[in-house]
Amino acid sequence: MHALYSLWATFIGLYIANCIAERLTASGEEYEKNKIMKPDFLEMVPWYSGTSVDLYKTVFNIVVSVNFFLGRFDMRVLQAAAMNRVGGRVPKNRRKGQDDDGDFLYELHGEKKELWFDFMADTGDGGNSTYTVARLLAQPRIELGKHTLNRGELLLIGGDIAYPNPSQYTYESRLFRPFEYALQSRSCAGQGSCAEQARMAVDKPKAPPEVSDPSKQGRKRSKKHPPKQVKPYEGPRCFLIPGNHDWFDGLHNFMGHICHRSWLGGWFMPQRKSYFALKLPKGWWLFGLDLALHGDIDVYQFQFFSKLARKRVGERDSVIVMTHQPDWLLDWYEDGDQHNYKHNISDLICNILKRKCRLRIAGDIHHYMRHERVNSGGGSDELIYPQHLLVNGCGGAFLHPTHVFRNFSKSHGVSYECKQAYPTFEKSRKCELGTVWSAFMYMVHHSYVSLGGSVLFLMASIAFTPSKRSWTTRIVIGFCHFSAHLVVDLILLWLFELGVETFVQIGLLESSEYHSLYRSLESMLIQTASNGNRTSLEQWTFGLYPACIKYVMTAFDVPEVPEDWQLDPQWKQESEELRQRREFGEQEYPEELSYRREFPSKWRAAASYQDPLDTVRIIDHFVIRQQNIRPNS
């Protein structure tokens, strides 16, 4: 084992020295060019690092938020107060007798024949993972065998949109930047400035114009190019609810970056408050609730949704309730069979909505899991809680296990059955190989070389103990000796891994996918040797020359698998065509039509087999049929 570690360290040391030498000899212009041609993504949040200043700041913000903001200055109460005609002001466009809920209710999609929407949660962690999800969401369509998945006209985000704590830096770097790369906003497409995205919107419209009025831009129109009429906006919209991490500053940054901005990349954000209701086609509604930090809605929020349910939601309508936390799982996990349900949200669903609530969607837990109600013969309990309970916290954060919830089977007295989980319970259990004991058991079951070496070393430790001692004493001393060596080896390995990670972070060590060392060697040989010599050598050795080196160097690969991105050539070609059309006057405002592009995302994976569009697959499919639907509805 010591010899293997030494050999590994030797090869890695040579690799590091080679990377440093290449960096020092490379010209500054070439280095800056390569840097520009890569997306500026942040790494994942070091959740288990004891030296992260952001994590200590997060703990401080939690204490302040729980004891100060939420107890005394609840932003949800302030939002409700702002709608109660402060100072006697009444909106001019409100009809007599009409409820003043314009900032909370949106009916833009209610008259459509069909609607596609996407749901995600817990994004804003690492740039690579967030952009991977955003790239999929931005595509006009995704072809998966017999299924065609259209881009959602609505993008619903279920909270925790900037980790580890909300700030201008985390919102800009971990949320807006990856989404801007995936689908550019109107002012960023074809131009370098993103001023419109970052501009504060005091009085946000519910829908932007499709084509801006040229007269307002100070341009003179000729007979050849007359002014265009304003068309209705047909692009995607985005609605978000805050999660617990968004509440760590009392919702200050969420209000500034979400409720007072108009664009998340190419998704228009019409919402003005932290909770909302959407009227969807064919009698469907969506209620987006703000649970703050104590996991329940406040009294003003309950008043708004219950009033809307009684006055506007029909008896045959169906409601989707979106929250950040899946309280049905968390209450069961924390309290077991003790029914400690949140009062207001349970009252809204069980006593107000009742059978109208057909689906609950949430995030917070970073995996996918769906439970379906088990019909028990038409009992009354089937009418008071949703048919489907769905968790989708796969927005780009780290992965949570699923197998810890495998025994969940009842919520609010209603029986449920797990229909799908990602990762599966079996894969989730295997992913828990993070502790020393799990690593040891993995070595016992799979790594026979390591197991054999450990057993031999333990036997040698016992055998070389002074023979004058009793066998019991010799076994104890030998085991303690063996354990001490094992602990030191683990510490050295940890320090080695930490050193490699440090070099990666500061840019002195590059790493990519599997066989990264061999590909680095291959690129160096291409620059120093002719193709003819390499081809001849490969033919003389019947292909063993590159194959043997490739798989021998696999043992010394850098222990990291990050994402490498490159400029998408199809996006670049389409951008160049739009630029030429604008110069020749064929299309005057292509930047306003970025969502109509066939290739909207700027970056694709450097390795084609890692690109999200080539690896995405469907893991679940289900149908919710409306109850007692009118004919032809």
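## Backbone features in loops

His-412 lies in the loop between strand S15 (410-411) and S16. In this predicted model, His-412 has a positive phi of about 55 degrees although the residue is not a glycine. With a relative accessibility of 11%, His-412 counts as buried, because the limit for that class is under 20% relative accessible area. A second residue other than glycine with a positive phi is Asp-160, where the angle is near 55 degrees. Asp-160 is placed in the loop between S5 and H6, and its relative accessibility of 1% puts Asp-160 among buried residues.

Cis peptide bonds also occur in the model. One joins Tyr-163 and Pro-164, with omega at about -10 degrees. Pro-164 belongs to the loop between strand S5 (154-157) and helix H6 (168-182), and Asp-160 likewise lies in the loop between S5 and H6. Another cis bond runs from Tyr-422 to Pro-423, with omega near 0 degrees. Pro-423 is located in the loop between S16 and helix H12 (425-430).

## Strand S16 and its contacts

Strand S16 covers residues 414-422 and contains Ala-421. Ala-421 has a relative accessible area of 7% and is buried. Which residue lies 6.6 Å from Ala-421, C-alpha to C-alpha, while being 51 residues apart in sequence? That residue is Arg-370, which is itself buried at 4% relative accessibility.

A salt bridge links Glu-417 with Lys-419, and their closest N and O atoms are 3.6 Å apart. Glu-417 is partly exposed at 40% relative accessibility, and Lys-419 is also partly exposed, with a relative accessible area of 41%.

## Salt bridges

Side chains of opposite charge can pair when their charged atoms come close. The structure holds 18 salt bridges. Among them is the pair of Asp-620 and Arg-370, in which the closest N and O atoms are 2.6 Å apart. Asp-620 lies in the segment after helix H20 (612-615) and Arg-370 in strand S13 (residues 368-373), so this salt bridge ties together parts that are 250 residues apart in sequence. Arg-370 thus appears both in this pair and beside Ala-421, at 6.6 Å between C-alpha atoms.

A further salt bridge brings together the side chains of Arg-355 and Glu-315, at 4.0 Å from N to O. The pair links distant parts of the chain, 40 residues apart: Arg-355 is in the loop between helix H11 (343-353) and strand S12 (357-362), and Glu-315 is in the loop between helix H9 (299-311) and strand S11 (318-322). Is each partner buried, partly exposed or exposed? Arg-355 is partly exposed at 30% relative accessibility, whereas Glu-315 is exposed, with a relative accessible area of 55%. In addition, Arg-135, Asp-568 and Asp-611 are linked in a network of salt bridges.

## The second largest cavity

The structure contains 2 cavities of 30 Å³ or more. The second largest cavity encloses about 30 Å³ of space. Its lining consists of Arg-316, Asp-317, Ser-318, Arg-355, Lys-356, Arg-358 and Gln-627. How many of these lining residues are nonpolar, polar and charged? The lining has no nonpolar residues, 2 polar ones and 5 charged ones.

Arg-355 connects this cavity with the salt bridges described above, since Arg-355 is one of the lining residues and pairs with Glu-315. The lining residue Gln-627 also has a relation to Glu-315: the C-alpha atoms of Glu-315 and Gln-627 are separated by 9.8 Å, although the two residues are 312 residues apart along the chain.

## A nonpolar patch on the surface

Val-487, Val-488, Ile-491, Leu-492, Trp-494 and Leu-495 make a nonpolar surface patch of about 580 Å². One of these residues, Val-487, is placed in helix H15 (residues 471-506). Val-487 counts as partly exposed, with a relative accessibility of 45%. This value satisfies the patch criterion, because patch residues need over 30% relative accessible area.

Key: Residues are numbered from 1 along each chain as its sequence is written. This is a predicted model: local features need pLDDT of at least 70, side-chain atom pairs count only at pLDDT 80 or more; totals for chains, interfaces and linings use all residues. Side-chain values use heavy atoms; hydrogens and water are left out. On a 1 Å grid over the protein atoms alone, a cavity is a set of points where a 1.4 Å probe fits but cannot get out, and a pocket is an open set with protein on both sides within 12 Å along at least five of seven lines; lining residues have an atom within 4 Å of a point. Grid points are joined across faces, edges and corners, and a volume is the space filled by probe spheres set on the points. Ala, Val, Leu, Ile, Met, Phe, Trp, Tyr, Cys and Pro count as nonpolar, Asp, Glu, Lys and Arg as charged, and the others, Gly among them, as polar. Patches are made of residues with over 30% relative accessible area and no salt bridge: like charges are joined within 9 Å, nonpolar side chains (Val, Leu, Ile, Met, Phe, Trp, Tyr) within 5 Å. Accessible areas come from the Shrake-Rupley method with a 1.4 Å probe; for residues, only the protein chains shown count as cover. Helices (H or I, at least four residues) and strands (E, at least two) are DSSP runs, numbered from the N terminus. Buried means under 20% relative accessible area, exposed over 50%, partly exposed in between (1.4 Å probe, protein chains only).
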